[in-house]
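Me: Please give me a close account of one part of the structure shown below. I would like the strands, the helices beside them and the interior to be treated together.

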Amino acid sequence: MAAFYRRFLAPGDLAFDVGSHAGNRVRAFRRTGARVVAVEPQPDFVTVLRLLYGRDRDVVVEPCAVGREPGEARLYLSTRTPTVSTLAGSWMNEVRRDATFGGVDWDEQVVVPVRTLDEVIDRHGEPRFCKIDVEGFELEVLQGLSRPLGAVSFEYIPVVMDRTVRCVGRLAELGDYRFRFSRVESFEWATPGWLDAAGVTEVLRGVSPQERPGDVYAVRADLPLPAP
């Protein structure tokens, strides 16, 4: 994982991990030598992150969600599968079309603070790389961003691919990007090269709803593209 992210991060760079959960990406980013802002709204995961990284001066834990505008929002918790807790109420129904979500129960709710990505940048600086994994709320995160960051990743789930396509469109509104994607935890590219917004949209729309999830990666076109 760290070897993959070294394509995007060098020692001293700043990385945002939006939706840190238990911090596996934080650990990988730190192994590249990057500084990390770990953004996580779930109280139990915030506790875990502070236990793991509270003594690391190069990790800052932000106990909040990220969205289109600042304020508060209702977080739907799955106590049995907390990594799929979400702020996107409609996403919970849509994603049940995927059999792997059939047994998921969002059985608790908690109100959490929300900041925009612009606000997090104002507090900590602009990241070289921003990973977003927020269970259907990715577009709202990107709508709270007003500048084209150097590199961004966001989760896709094939059964709700329209949400992913809208995220691609939002980044294209912010700037000229090149895109690739990687299937779940493989850390290998699923496309032979980098594509523009129209090209990656066409490929994503052709992904079978039965395929496993993954992550889309976007790099601003004026920057060097990561090595293959």
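Reply: The account below begins with a sheet and then turns to the helices and the interior.

This is a predicted model, in which local features need pLDDT of at least 70 and side-chain atom pairs count only at pLDDT 80 or more, while totals for chains, interfaces and linings use all residues. Residues are numbered from 1 along each chain as its sequence is written, and side-chain values use heavy atoms, with hydrogens and water left out.

Seven strands make up an open sheet with mixed pairing, in the order β3-β2-β1-β7-β8-β10-β9. Strands (E, at least two residues) and helices (H or I, at least four) are DSSP runs numbered from the N terminus, and two strands pair if DSSP finds at least two bridges between them. The edges are taken by β3 (59-62) and β9 (177-183); each has a single partner strand, so one side of each is left without a neighbour in the sheet. From one strand to the next, the twist averages 15°.

Within this sheet, β1 (residues 14-18) and β7 (residues 129-132) pair in the parallel sense over four bridges. V18 has I132 in β7 as its bridge partner. Helix α5 packs on the sheet and touches β1, β2 (35-39), β3 and β7, its direction making about 145° with that of β1. Helix α7 also packs on the sheet, touching β8 (151-156), β9 and β10 (214-220), and its direction makes about 165° with that of β8. Such angles run from 0 to 180 degrees between N-to-C directions, and axes are lines fitted to C-alpha atoms, for helices over the stretch in contact.

C130 is a useful residue to follow in strand β7. With 0% relative accessibility, C130 counts as buried, a term that means under 20% relative accessible area, with exposed over 50% and partly exposed in between (1.4 Å probe, protein chains only). Not counting residues up to four places away in sequence, C130 touches F16, V18, L117, L149, A151, V152 and S153; contact means heavy atoms within 4.5 Å. A151 is 21 residues from C130 in sequence, yet their C-alpha atoms are 6.4 Å apart.

F16 has C130 among its own contacts, along with F29, V37, L117, V120, I121, H124, G125, P127, F129 and K131, leaving aside neighbours within four places in sequence.

The largest nonpolar core has 53 residues, and F16, V18, W91, I132 and L171 have the most contacts inside it. Such a core is a set of buried Ala, Val, Leu, Ile, Met, Phe, Trp, Tyr and Cys residues joined through side-chain atoms within 4.5 Å. Helix α7 gives the most to this core, with six residues.

Helix α7 (residues 161-174) also packs with α8 (residues 197-205) at an angle of about 175°, the axes being 10 Å apart. The two helices are therefore roughly antiparallel, as angles over 145 degrees are called, with under 35 roughly parallel, 65 to 115 roughly perpendicular and the rest oblique. M161, D162, T164, V165, V168 and A172 of α7 meet A197, V200, T201, L204 and R205 of α8. By class, this contact has seven nonpolar, two polar and two charged residues; Ala, Val, Leu, Ile, Met, Phe, Trp, Tyr, Cys and Pro count as nonpolar, Asp, Glu, Lys and Arg as charged, and the others, Gly among them, as polar.
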